[in-house]
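Me: Please take a close look at a single residue in this model and describe its surroundings. Then carry the description on to the rest of the assembly.

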Amino acid sequence: MTACRAYTTERLSAFADGDLSAAEAAAVRAHAATCPDCTAALADLRALVSNTARLDAPEPPPTLWPSIAGALDKHERRGWFSIANWRPFAVGALAGAAVVLAIVALPALRGPRNGVPAGSPIAETAATSPAVADPLLHEAEAEFAEAAAAYERSIEKLRGLLARQEARWSPQERTRMAERLGRLDDAIARSRELARRTPGDSAGNEQLFAAYQQKIAFLAAAVHRGGEAGEWDKAGARTP
Amino acid sequence: MDNASAAMSVKPPTKPMLGATAQLTAQLPIDGLRLKARAAAEAKVQPDNDAALVDAIRRGDAGSREALYHRFKRRVYALAVRIVGTVDAEEVAQEAFIRIFRGLTKFRGDAALATWIYRLAVNAALSHRSRRAAAAQPEAPDAVDAQAGAEPVRGDAVLRVRIERALARLPVGYRTVIVLHDVEGLEHEEVAQILGCHVGTSKSQLHKARARLREMLAADGITAAALENG
């Protein structure tokens with residue numbers, strides 16, 4: 001602080017750091033040489049900067065790294081289940097269904113066309129999931145729901161193909177098919193409930209996806225073997 | 001640079017602190033045995049230079065992340081303390097390091113690693129302040145006031161506490177520039193990169209900040225003699 005008003009503290013600071021033009025710096029230097037106030041103000045600024053530079057860097061609390069490591073670990077566990085990682089699998093499931101449609105089910109398509117309308121056995125989706133406050137968790141849940149929807153589309157297509165053949169089956173065969181699909185649907189429902197209770201947790205979603213895969217495998221085998229009445233129930237079709 | 005300028009040379013950046021808390025980390029009951037085991041494994045790897053460390057992290061080498069943390073923890077945490085106060089500093093430092101580790105895959109080495117880390121830390125701190133302002137929460141108590149009240153300080157320690165108090169009362173823009181340049185010892189080019197402004201802006205902000213800081217200290221009764229003897 002200086003009583004002299006020739007230069008502000010701001011300008012003196014710029015002079016001290018060499019940030020003035022050569023002409024301005026020469027003028028300040030010449031003035032300071034004859035002005036005790038400005039000389040003192042420069043020394044004052046110098047001391048301020050020196051003291052500021054010696055301020056301590058506080059040590060972070062010991063809980064900081066564990067918190068960071070835990071948050072990263074949690075994020076990466078979610079990331080492993082993100083749609084980016086599951087998309088190839090979900091696409092694979094759809095691709096598998098497409099292969100089934102193209103290769104396995106062609107005989108069925110050439111068969112009688114008096115099947116009953118197809119209906120998706122799975123109506124419930126992740127829309128029933130509870131509200132999730134954490135944005136990351138919300139994002140992960142949305143991705144799980146997207147993967148689940150992909151599985152369900154595959155199932156729906158296979159179910160539609162199978163439905164065309166059911167008209168040729170006996171009532172007993174239809175009942176057995178309904179029972180087996182019911183058990184598979186129960187497994188899916190239980191897994192979905194587990195996933196719903198533990199949002200973002202890998203175990204519930206792993207189980208849910210495994211249940212979807214089991215149903216897809218069963219339906220694919222049934223479509224493959226179901227060209228003739230009763231064939232779907234022969235050994236080789238994976239049953240729950 | 002003339003004599004007056006030379007006399008105001010800045011200090012070098014804080015030296016890295018390597019591997020100081022690995023053992024302590026391993027003892028904490030946070031997140032169980034998995035973290036303990038990992039902390040023990042990670043404590044072994046600490047590449048010497050920043051580029052090697054970044055490569056090690058990208059490869060997923062055990063211990064590389066923790067090594068980077070220890071290298072920059074004091075700088076990031078100190079920055080957080082001075083921009084948002086001690087109450088929120090841990091949260092901000094955590095957020096900053098998470099951004100750092102997630103962003104390392106995109107780090108192209110155009111800037112020095114330290115500069116890039118400072119930028120993420122400053123952004124995390126300023127975002128935190130913005131969120132607080134949006135939520136209309138009261139400012140966190142001044143970290144240094146709390147510290148000063150907790151234990152008696154003497155001599156130049158008193159002066160530093162008063163400087164910290166005055167810093168905490170500066171407008172956040174001035175405070176950030178003075179912390180980066182005068183406290184952390186960064187060059188204006190680095191400060192400008194971190195704040196996304198021109199070098200000239202960094203310089204003019206710094207000189208205004210110093211002038212304001214000096215006014216505040218004078219108002220607090222800090223004399224030139226006290227500063228020079230500090």
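Reply: Ala6(A) is partly exposed, because 14 other C-beta atoms lie within 10 Å (20 or more would make a residue buried, 12 or fewer exposed, and anything in between is partly exposed, with C-beta atoms placed from the backbone). The model is a predicted one, in which local features need pLDDT of at least 70 and side-chain atom pairs count only at pLDDT 80 or more, while totals for chains, interfaces and linings use all residues. Residues are numbered from 1 along each chain as its sequence is written, and chains are lettered from A and ligands numbered from 1 in the order in which they are written.

Ala6(A) belongs to the segment that precedes α1 of chain A (helices are DSSP runs of H or I, at least four residues, and strands runs of E, at least two, numbered from the N terminus). Leaving aside residues up to four places away in sequence, Ala6(A) touches His31(A), Cys35(A) and Cys38(A) (contact: C-beta atoms, placed from the backbone, within 7 Å). For Ala6(A) and Cys35(A), a separation of 29 residues in sequence corresponds to 9.6 Å between C-alpha atoms.

Turning to the interface, 42 residues of chain A are in contact with 50 residues of chain B. On the chain A side, two or more residues come from each of α1 (9–16), α2 (22–34), α3 (36–53) and α4 (64–80) of chain A. The largest share, 12 residues, is that of α3(A). By class, this side of chain A comprises 26 nonpolar, nine polar and seven charged residues (nonpolar: Ala, Val, Leu, Ile, Met, Phe, Trp, Tyr, Cys and Pro; charged: Asp, Glu, Lys and Arg; polar: the others, Gly among them).

Across the interface, chain B contains 13 helices and zero strands. Of its 230 residues, 41% count as buried. Where contacts in chain B join residues at least 6 apart in sequence, 62% link residues at least 24 apart.

One helix pair of chain B can be described in detail. Helices α10 (residues 172–183) and α11 (residues 188–195) of chain B pack at an angle of about 140 degrees, their axes 9 Å apart (axes are fitted to C-alpha atoms over the stretch in contact, and angles run from 0 to 180 degrees between N-to-C directions). α10(B) is therefore oblique to α11(B) (under 35 degrees is roughly parallel, over 145 roughly antiparallel, 65 to 115 roughly perpendicular, the rest oblique). In this pair, Thr176(B), Val177(B), Leu180(B) and His181(B) of α10(B) meet His188(B), Val191(B), Ile194(B) and Leu195(B) of α11(B). The contact has five nonpolar, three polar and no charged residues.

Conventions: Contact = placed C-beta atoms within 7 Å.
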